[in-house]
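Let's take a walk through this model together, one spot at a time. Have the coordinates open and follow along.

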Amino acid sequence: MKMIINKATANPFMGILIGFLLTTLIQSSSGTCALVVSLITAGLLNLNAAIFIILGANIGSPTTSIIIGLDITKYAPIIIFVGAIMVFFISDKRFRRIGRAILGFGLMFYGLDCLGNALSGVKDTPFFTGLIQSCDKAPILSLLIGFVLTLAVQSSGATIGVIQKLYALPGSTISFKI
């Protein structure tokens with residue numbers, strides 16, 4: 001295992017690519033960083049390679065908002081179906097693992113869509129409208145709200161997804177003016 005990991009990450013470009021792809025797949029740069037730290041602690045990865053993987057993870061982090069912007073949520077049921085078929089009806093372990101990843105990917109976007117739809121009624125409440133209008137006047141408040149929301153859901157990708165979903169709603173009070 002150590003030989004495979006060191007060979008795959010010997011080239012800095014490959015380390016960055018692995019970090020980017022892993023973060024894109026699991027939609028969590030924090031998860032990638034935690035995995036890298038675990039591999040270092042286990043003695044399976046050296047610090048030089050870890051730096052490039054973490055750099056790739058940070059480069060891959062914005063892919064969440066790009067994927068959400070592509071509106072994959074309308075294809076989430078199909079992705080979930082394909083993943084479930086692979087998990088439950090294929091006996092080859094490699095395909096089952098790939099199926100789990102596909103299933104998780106689809107469920108994540110379906111969950112973000114459900115969360116955005118559940119919060120759609122919030123946009124009409126006076127408290128939320130006042131809060132968004134306050135954010136226009138105080139950018140530090142926007143930063144604080146983003147920090148608290150990300151801290152609460154433990155995912156900057158989920159925070160971005162919810163904000164993008166709320167922005168796209170008809171009559172939304174959220175704007176991107178600077």
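Ser29 is a good place to begin: in this predicted model, its relative accessibility is 17%, so Ser29 counts as buried, the cut-off being under 20%. Ser29 is placed in helix α3. What does Ser29 contact, once its neighbours within four places in sequence are left aside? The partners are Thr23, Ala57, Asn58 and Ser61.

Two of these names, Ala57 and Asn58, lead us on to helix α4, where both take part in the contact with α3. Two packed helices are described by the angle between their axes and the distance between the axes. Here, the axes of α3 (residues 29-41) and α4 (residues 47-60) come within 9 Å and cross at roughly 175°. That angle is over 145°, so α3 runs roughly antiparallel to α4.

Which residues meet across this pair of helices? From α3 come Ser29, Thr32, Cys33, Val36 and Ile40, while α4 brings Leu47, Ala50, Ile53, Ile54, Ala57 and Asn58. Sorted by character, the residues of this contact are eight nonpolar and three polar, with no charged ones.

Cys33, one of the α3 residues in that contact, invites a look at the cysteines. Cys33 has a relative accessibility of 21% and therefore counts as partly exposed, the range for that class beginning where buried, under 20%, ends. Cys114 is partly exposed too, with a relative accessible area of 35%. A disulfide is a covalent bond between the sulfur atoms of two cysteines. How many disulfides does the count come to? With sulfur atoms required to lie within 2.5 Å, the count is zero.

Next, turn to the aromatic rings. A pair of aromatic rings is described by the distance of the centres and the angle of the planes. Searching the whole structure gives one aromatic pair. Phe105 and Phe109 form this pair, with 4.9 Å from centre to centre and 65° between the planes. Since an angle over 60° is the criterion, the pair is edge-to-face. Both residues lie in helix α7 (residues 93-118), four residues apart, which is about one turn of the helix. Phe109 is buried, because its relative accessible area is 2%.

Our last stop is Ile85, found in helix α6 (residues 76-89). Its relative accessibility is 32%, so Ile85 counts as partly exposed. Ile85 and Arg100 are separated by 15 residues in sequence, and their C-alpha atoms are 9.8 Å apart in space.

Technical notes: Residues numbered from 1 in each chain as written. Predicted model: local features only at pLDDT ≥ 70, side-chain atom pairs only at ≥ 80, totals over all residues. Heavy atoms only, no water. Axes fitted to C-alpha atoms, helices over the stretch in contact; angles between N-to-C directions. Helix = DSSP H or I, 4+ residues; strand = E, 2+ residues; numbered from the N terminus. Parallel < 35°, antiparallel > 145°, perpendicular 65-115°, else oblique. Contact = heavy atoms within 4.5 Å. Nonpolar A, V, L, I, M, F, W, Y, C, P; charged D, E, K, R; others polar. Buried < 20%, exposed > 50% of the residue type's maximum accessible area, 1.4 Å probe, protein only. Phe/Tyr/Trp six-rings, centres within 6.5 Å; stacked < 30°, edge-to-face > 60°.
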